[in-house]
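The following note concerns the ligand site and the helix packing of the model shown here. The points are numbered for ease of reply.

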Amino acid sequence: MTRDFAGKVAFVTGGASGIGEAVALQLADRGAKVVIADLKLDAAQSVADAIKGKGGEAAAVAVDVAKIDQVEKAVQFVLDTFGKLDVAVNNAGIGGAAAPLGDYSFEDWHKVIDVNLNSVFYSMKYEIAAMLKSGGGAIVNMASILGSVTFPNAPAYVTAKHGVVGMTKSAAVDYAKKGIRVTAVGPGFIDTPLLANLPKEAHDGLKALHPIGRLGTSDEVAALTLFLLSDAASNITGSYHLVDGGFVAQ
Ligand code: NAI
């Protein structure tokens with residue numbers, strides 16, 4: 001395993017489960033010091049403990065990414081704990097209620113927009129300020145295939161993820177000359193706890209939507225995310241990268 005993230009400090013939101021957990025573990029395997037930020041502190045601590053158990057450096061912090069003051073404190077925790085911030089993955093997210101737009105409640109709408117879209121603004125605002133202090137960094141925002149196409153009964157999620165792709169482009173262009181690269185990842189349906197409540201038929205139906213004939217794995221999404229965060233991606237910014245088993249190509 002290459003240790004190309006040695007000496008780097010990473011911040012992963014939603015790092016206690018699924019894709020975020022895989023990103024945190026792969027970053028640690030490649031030498032990064034990792035702060036795992038999640039609504040579920042116990043689960044985040046377990047991921048940090050697993051990293052420490054393998055000789056890595058990690059810490060956990062509780063955060064609700066939909067709350068500005070909590071995001072500010074979580075980024076400050078990174079600086080207080082490891083002294084700087086080099087790479088960030090804004091990954092925390094929820095599926096939200098399923099209904100067509102006309103039936104979507106205001107409450108459900110605001111919840112999904114707060115957790116999946118506004119959170120990325122709050123996070124990047126504090127991450128960019130921290131990265132500027134140490135001369136730059138790299139950010140990956142976890143969008144979705146639904147950052148470029150739609151899906152039935154998911155108006156808030158589709159809107160939020162399209163917004164994440166737009167916000168990624170905006171921040172990337174504004175900070176390109178300041179040493180900060182910003183990209184977005186668009187996973188197809190991935191076999192994580194986010195999909196755990198689906199009945200088996202729905203799970204099978206989702207598999208069939210992917211030309212590759214299966215759901216993706218968190219490790220596959222993490223592999224792309226780490227490439228985009230790494231120095232190997234030094235000329236890549238403002239772009240949106242699918243890891244979707246061919247879903248969007250159809
Ligand atoms: P997951 O449910 O396994 O993990 C999400 C993590 O985010 C959990 O640990 C949860 O506690 C945390 N979280 C939720 N709300 C939070 C909040 N307000 N503040 C802080 N932490 C919070 O989900 P998964 O599948 O790993 O999803 C991660 C990201 O990937 C999400 O942004 C999701 O929209 C995106 N994604 C997932 C896909 C999938 O099929 N699983 C497909 C495309 C994108």
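1. Helices at the ligand. The model is a predicted one. Helix 1, which spans residues 18-29, and helix 5, which spans residues 155-175, each contribute at least two residues to the shell around the ligand. These two elements are a convenient place to begin an inspection of the site.

2. Composition of the shell. The ligand is surrounded by 29 residues, of which S17, D38, Y157, I190 and T192 approach nearest. Sorted by class, the shell comprises 17 nonpolar residues, eight polar residues and four charged residues.

3. Polar atom pairs and cover. Which side chains place an N or O atom beside an oxygen atom of the ligand? In the case of T192, the distance between such a side-chain atom and a ligand oxygen is 2.5 Å. For K161, the corresponding separation from an oxygen atom of the ligand is 3.0 Å. D38 also takes part, with a polar side-chain atom 2.6 Å from a ligand oxygen. On its own the ligand has 830 Å² of accessible area, and the protein covers 95% of this. Both D38 and T192 also belong to the group of residues that come nearest to the ligand.

4. Helix 4 against helix 5. Helix 4 consists of residues 106-133, and its axis comes within 8 Å of the axis of helix 5, with a crossing angle of roughly 15 degrees. Because angles under 35 degrees count as roughly parallel, helix 4 is described as roughly parallel to helix 5. The crossing of this pair is right-handed. Helix 5 is thus a point of connection between two parts of this note, as helix 5 also supplies at least two residues of the ligand shell.

5. Helix 3 against helix 4. What is the crossing angle between the axes of helix 3 and helix 4? The axes of helix 3, residues 68-82, and helix 4 cross at roughly 30 degrees and come within 9 Å. Helix 3 is therefore roughly parallel to helix 4. Here, too, the crossing is right-handed.

How values were computed: Residues are numbered from 1 along each chain as its sequence is written. This is a predicted model: local features need pLDDT of at least 70, side-chain atom pairs count only at pLDDT 80 or more; totals for chains, interfaces and linings use all residues. Side-chain values use heavy atoms; hydrogens and water are left out. A residue is near a molecule or strand if one of its heavy atoms lies within 4 Å of it. A polar contact is a pair of N or O atoms within 3.5 Å; within protein, one must be able to donate a hydrogen and the other to accept it, and residues adjacent in sequence count only if both atoms are side-chain atoms. Accessible areas come from the Shrake-Rupley method with a 1.4 Å probe; for residues, only the protein chains shown count as cover. Helices (H or I, at least four residues) and strands (E, at least two) are DSSP runs, numbered from the N terminus. Ala, Val, Leu, Ile, Met, Phe, Trp, Tyr, Cys and Pro count as nonpolar, Asp, Glu, Lys and Arg as charged, and the others, Gly among them, as polar. Axes are lines fitted to C-alpha atoms, for helices over the stretch in contact, and angles run from 0 to 180 degrees between N-to-C directions. Angles under 35 degrees count as roughly parallel, over 145 as roughly antiparallel, 65 to 115 as roughly perpendicular and the rest as oblique. A crossing is left-handed if the near helix is turned anticlockwise from the far one by less than a right angle, and right-handed if clockwise.
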